[in-house]
Structure formats: C-alpha cells, structure tokens
Amino acid sequence: MNEALPNFELLLREALAPVEPPADLVERVESALQAITEMAADELEAWELSAMRDPRNWVRPVVAAGVGATAGTALVILRVRAKNKRHRSHSNDILELAERTLKDVADEARHLLDR
C-alpha cells in the first residue's frame, strides 16, 4: 500500500528547487523603473500651479509624486545593490563598506535627480 502513495519528499524537493532568474531581468526591471520615474516626472512638470486651488485636481500630482518617489527609490536600491556586491570583495572592514554604500546611495540619487 505504501507504493501507491506518492513520495512527498521527492515532490517537495522538485517543487522547491531553486530557479535561476533570466540573465536580463535586472536590466528589464531597471528600464521599467526608469520609465516609470520619467513618466511621473513628466506628469508633475505638466501640472499647473493655478490648478491647485481646486482640491479635485490634487489627486494626479500626489499619485505621480508617490509613484515617482517609490520607483526612484527602488531604482537607487537596485543600482546600489549591484555596486555593493563588487565592494564586498574589495572592502577591508564593515565601516568602509558602509561608507562606500552611503556614497553610492548619494551618487545614484543625485544622478537620478539630475535627469
């Protein structure tokens, strides 16, 4: 009767086997986040200050600011993580790694805001 039952351990091992992400996943995510950030910035640039008198007009700029800030933050984190992997092997101690990481965050944020 035991032979008729499936081997659950084998089934779980097959189901939970690690899967490698596609090689271009980072580039695709980065380009999508960049596009979202640019669209949010364009939406905010197109918004006129004279429309601020009516609160019904506040929804689009507030949403654009929130989406742009979220996408921009995710983009900075993604780029800093990629740089941080390289810095780990060259870093002598944790303090140096933390300093490099903070510098990378500031550089990437500045780079994103300059666009």
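This is a dialogue on how to read some features of a predicted model.

Reader: Where should I start, and which secondary structure elements does the chain have?

Author: Start with the secondary structure. The chain has 4 helices and 0 strands. Read from the N terminus, the order of elements is α-α-α-α.

Reader: How do I judge the overall shape, and what is the radius of gyration of the chain?

Author: Set the radius of gyration against the value that the globule rule gives. Here the radius is 23 Å, while the rule gives 13 Å for 115 residues, so the chain is more spread out than a compact globule. The box filled by the C-alpha atoms, taken along the principal axes, is roughly 80 × 45 × 25 Å. One pair of residues can serve as an example: Asp-42 and Val-19 are 23 residues apart in sequence, and their C-alpha atoms are 37 Å apart in space. Asp-42 belongs to helix 2 and is partly exposed, at 47% relative accessible area.

Reader: What share of the residues is buried?

Author: Of the 115 residues in the chain, 17% are buried. The accessible surface comes to about 9400 Å², and carbon and sulfur atoms hold 63% of that area.

Reader: Which contacts in the chain link residues far apart in sequence, and what share do they make up?

Author: Take the contacts with a separation of 6 or more. Residues 24 or more positions apart account for 61% of them.

Reader: Now to charged side chains. How many salt bridges does a search of the whole structure find?

Author: The general idea is that side chains of opposite charge can pair when their charged atoms come close. In this structure the search finds 10 salt bridges. One of them joins Glu-43 and Arg-60, with 3.1 Å between the closest N and O atoms. Glu-43 is in helix 2 and Arg-60 in helix 3, so this pair links distant parts of the chain, 17 residues apart. Glu-43 is partly exposed, at 26% relative accessible area, whereas Arg-60 counts as exposed, at 56%.

Reader: Which residue forms a salt bridge with Lys-83, and is that partner buried or exposed?

Author: The partner is Glu-108, and the closest N and O atoms are 2.9 Å apart. Lys-83 lies in helix 3 and Glu-108 in helix 4, which spans residues 94–114, so the pair ties together parts 25 residues apart in sequence. Glu-108 has a relative accessible area of 10% and is buried, because buried means under 20%. Lys-83 is partly exposed, at 22%.

Reader: Where do Arg-110 and Asp-107 lie?

Author: Both are in helix 4, 3 residues apart, which is about one turn of the helix. Their side chains meet in a salt bridge, at 3.1 Å from N to O. Arg-110 is partly exposed, with a relative accessible area of 48%, and Asp-107 is partly exposed too, at 25%.

Reader: Which residues are linked in a network of salt bridges?

Author: The network links Glu-30, Arg-79, Lys-83 and Glu-108. Two of these names, Lys-83 and Glu-108, are the pair described above.

Reader: Take Arg-79 from that network. Is Arg-79 buried or exposed?

Author: Look at the relative accessible area. For Arg-79 the value is 15%, so this residue is buried. Arg-79 lies in helix 3.

Reader: Which residues are in contact with Arg-79, leaving aside neighbours within four places in sequence?

Author: They are Glu-30, Gln-34, Glu-108 and His-111. With Gln-34 there is a polar contact between the two side chains, at 3.3 Å.

Reader: Let us turn to the surface. Which residues form the nonpolar patch?

Author: The patch is formed by Ile-36, Met-39, Val-59, Val-63 and Val-67, and together they have about 420 Å² of accessible area. To read such a patch, ask which elements supply the residues. Helix 2, residues 25–46, and helix 3, residues 59–90, each supply at least two. Helix 3 gives the most, with 3 residues.

Reader: And within the patch, where is Met-39 found?

Author: Met-39 is in helix 2. Its relative accessibility is 54%, so Met-39 counts as exposed.

Key
Residues numbered from 1 in each chain as written. Predicted model: local features only at pLDDT ≥ 70, side-chain atom pairs only at ≥ 80, totals over all residues. Heavy atoms only, no water. Patch = residues over 30% accessible without salt bridge, like charges linked within 9 Å, V, L, I, M, F, W, Y side chains within 5 Å. Areas by Shrake-Rupley, 256 points an atom, 1.4 Å probe, with all protein chains shown as cover. Salt bridge = Lys/Arg side-chain N within 4 Å of Asp/Glu carboxyl O. Buried < 20%, exposed > 50% of the residue type's maximum accessible area, 1.4 Å probe, protein only. Polar contact = N/O pair within 3.5 Å; in protein donor to acceptor, adjacent residues only side chain to side chain. Contact = heavy atoms within 4.5 Å. Rg over C-alpha atoms; globule rule 2.2 N^0.38 Å.
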